[in-house]
Amino acid sequence: MSRRRPHDDDDGYDRAHRKRRRVSENQEIEDRLESLILRVGEKSTASLESNLEGLASVLEADLASFKTKILRILTECAIKMPEKCTIYTTLVGLLNAKNYNFGGEFVEHMVRNFKESLKNCRWDCARYSLRFLADLVNCHVIAATSLIQLLDNMVDVAKEEGVPNVRKDWYVYSVLSALPWVGRELYEKKESQLEMLLVKIEVFLNKRSKKHHTALKVWSQDSPHPQEEYLDCLWAQVRKLRQDNWVEKHIPRPYLAFDSILCEALQHNLPTLLPPPHDPSYEYPMPWVVFRMFDYTDCPEGPILPGAHSIERYLIEEHLHQILEVNHLERKDCAANLLNFPYKAKIPLEYSIVEIIFAELFHMPSPRYLEICYGSILIELCKLQPSTMPQVLAQATEILFMRVDTMNVTCFDRFVAWFSYHLSNFQFRWSWDDWDFCIQLDLEHPRPKFIKEVLHKALRLSYYQRIKEIMPEVYEPLLPAKPEPNYKYTNDDAGEYNALLIFHNLANL
């Protein structure tokens, strides 16, 4: 006979039910915290400052139960949402002011993530982590002295012997790309150490070999826009920023509103961080040439396009490239996000977008994504912004066509493929009369050659009669040959005589 009491089963059920309910409640809270953190900085009826202050209070109240989850989410946001870097550094700064131990744990978490990114060759993640650590100096979370030491250690990689040049380049580039965020703070607090760091970088850049530069150029001439190697261009932009006393006009800095709170917080020192030694299996980012197609004279009245050597130009272009990288698989989302660029009121946005898309399309030796990706995004942009984008794209096409005679052959082919594809999506409409002067040139000259290649490509996307009808008569010498069937047995010069004889005998049966 069983000695269990009748209600034992009910107790077990209740315990299991309570446990499931508790797990479910915890999951709901975690999901809510994640949603709040991810959405901070988006459009809201309240100000960003009040949202940050409220979120910091919510997170502080939940630290005891969900600290690990909060640490993980904030670290992922720092890397995967670099455009909101200063928002999340402000949030971490407020949490550090409320809970010093949490601030220390977060810094340790970021440092560990930074080290892992370097070891695993996740170069973009490492660069965004470094930028985040640098911006934490502005929020009084990390001491400026320890950051300078980290940057110094990274620049010292440039002195290594027997390592690929691309390794040295990346470490210097990552330091230079972090300076727009923290340069002003270092200038005010550690000016002499900052100057010594910049001298080291300048010495390296002056000695650096740039044999790759010519091979990566889109054009063989530097007129009207010089085609600068990426490190040289960023160095010129940082020097211009230094001349302006490290004051830029693009990066939002919400932590300035909380300066009275943040300045009272205790700061943390970074541990000694040494870059991992080179390993033959490491693959570093390849160098590139900065593509320039427009300057302020090409843009109509309105916001002025920043100069080629202003740091704002670098920051805008990097942000647009990030949007393209995140959304390139969904052309509609990509176009919408590009046009919703948060600082579009300050710049001629359409010109900047077109320039960075052609920069990616003409990237040497090969573009990051399929060529049709860029063509499809440009089509979506024209659909979403029909009042301005087609005109800017037509202006860009005209500029590229006028410079086609000095264009790299590989880029020439990509230009042909893109233009023919684009025309096929807009009924092949184009102001062909503006280009009829090309007919006077040698047909092997790059300009008539370009039109001829475009028409050959267009024929594959349409049919001969259509192409012939849309083209003015003067372009007849450039039209592709009419495609007609060639049945060899009906020709007088057909193959062997015996085969022709057999064919005629069969035909007359």
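**Group meeting: cores, helix pairs and backbone outliers**

Let me begin with one residue. Phe294 has a relative accessibility of 2%, so it counts as buried, the cut-off being under 20%. This is a predicted model, so please hear every value as computed from predicted coordinates.

Where is Phe294 in the chain? Phe294 sits in the loop that runs between helix H10, residues 259–262, and helix H11, residues 311–327. Setting aside neighbours within four places in sequence, Phe294 contacts His225, Leu305, Arg313, Tyr351, Val354, Glu355, Val392, Ala396 and Ile399. Take His225 from that list. Its C-alpha atom is 8.2 Å from that of Phe294, and the two residues are 69 apart along the chain.

Now the cores. The largest nonpolar core has 88 residues, and the members that touch the most others are Leu74 and Leu179. For Leu74, leaving out residues up to four places away in sequence, the partners are Ile37, Tyr88, Leu91, Val92, Leu95, Phe102 and Phe106. There is also a second core, separate from that one, with 71 residues, among them Met293, Ile353, Val404 and Phe419.

Next, helix packing. Two packed helices are described by the angle between their axes and the distance between the axes. I have two pairs to show.

The first pair is H13, residues 349–361, and H14, residues 371–384. Their axes come within 9 Å and cross at roughly 165°. Because angles over 145 degrees count as roughly antiparallel, H13 is roughly antiparallel to H14. The crossing of these two helices is left-handed. Which residues of H13 and H14 meet? From H13 there are Ile353, Ile357, Phe358, Glu360 and Leu361, and from H14 there are Glu371, Tyr374, Ile377, Leu378 and Leu381. By class, this contact has 8 nonpolar residues, 2 charged and no polar. Ile353 was mentioned a moment ago, as a member of the second core.

The second pair is H15, residues 389–402, and H16. Here the axes come within 12 Å and cross at roughly 145°. H15 passes H16 in a left-handed crossing too. On the H15 side the contact is made by Leu393, Thr397, Leu400 and Phe401, and on the H16 side by Phe415, Trp418, Phe419 and His422. The class split for H15 with H16 is 6 nonpolar, 2 polar and no charged. Phe419, again, is included in the second core.

Last, the backbone. Most residues other than glycine have a negative phi, and most peptide bonds are trans. Here are some places to look at with that in mind.

Start with the peptide bonds. The one from Ser223 to Pro224 is cis, with omega near 5°. Pro224 is in the loop between H8, 191–207, and H9, 230–243. The bond from Met364 to Pro365 is cis as well, also with omega near 5°. Pro365 belongs to the loop between H13 and H14, the antiparallel pair from before.

Then phi. His140 is not a glycine, yet its phi is positive, near 60°. His140 lies in the loop between H5, 123–138, and H6, 144–155. Is His140 buried or exposed? Its relative accessibility is 12%, so His140 counts as buried. Phe428 also has a positive phi, about 60°, without being a glycine. The loop in question runs between H16, 409–424, and H17, 446–461. At 8% relative accessibility, Phe428 counts as buried.

That is what I have; questions are welcome.

Terms used
Residues numbered from 1 in each chain as written. Predicted model: local features only at pLDDT ≥ 70, side-chain atom pairs only at ≥ 80, totals over all residues. Heavy atoms only, no water. Core = buried A, V, L, I, M, F, W, Y, C linked by side-chain atoms within 4.5 Å. Buried < 20%, exposed > 50% of the residue type's maximum accessible area, 1.4 Å probe, protein only. Contact = heavy atoms within 4.5 Å. Axes fitted to C-alpha atoms, helices over the stretch in contact; angles between N-to-C directions. Helix = DSSP H or I, 4+ residues; strand = E, 2+ residues; numbered from the N terminus. Parallel < 35°, antiparallel > 145°, perpendicular 65-115°, else oblique. Left-handed = near helix turned anticlockwise from the far one by under 90°. Nonpolar A, V, L, I, M, F, W, Y, C, P; charged D, E, K, R; others polar.
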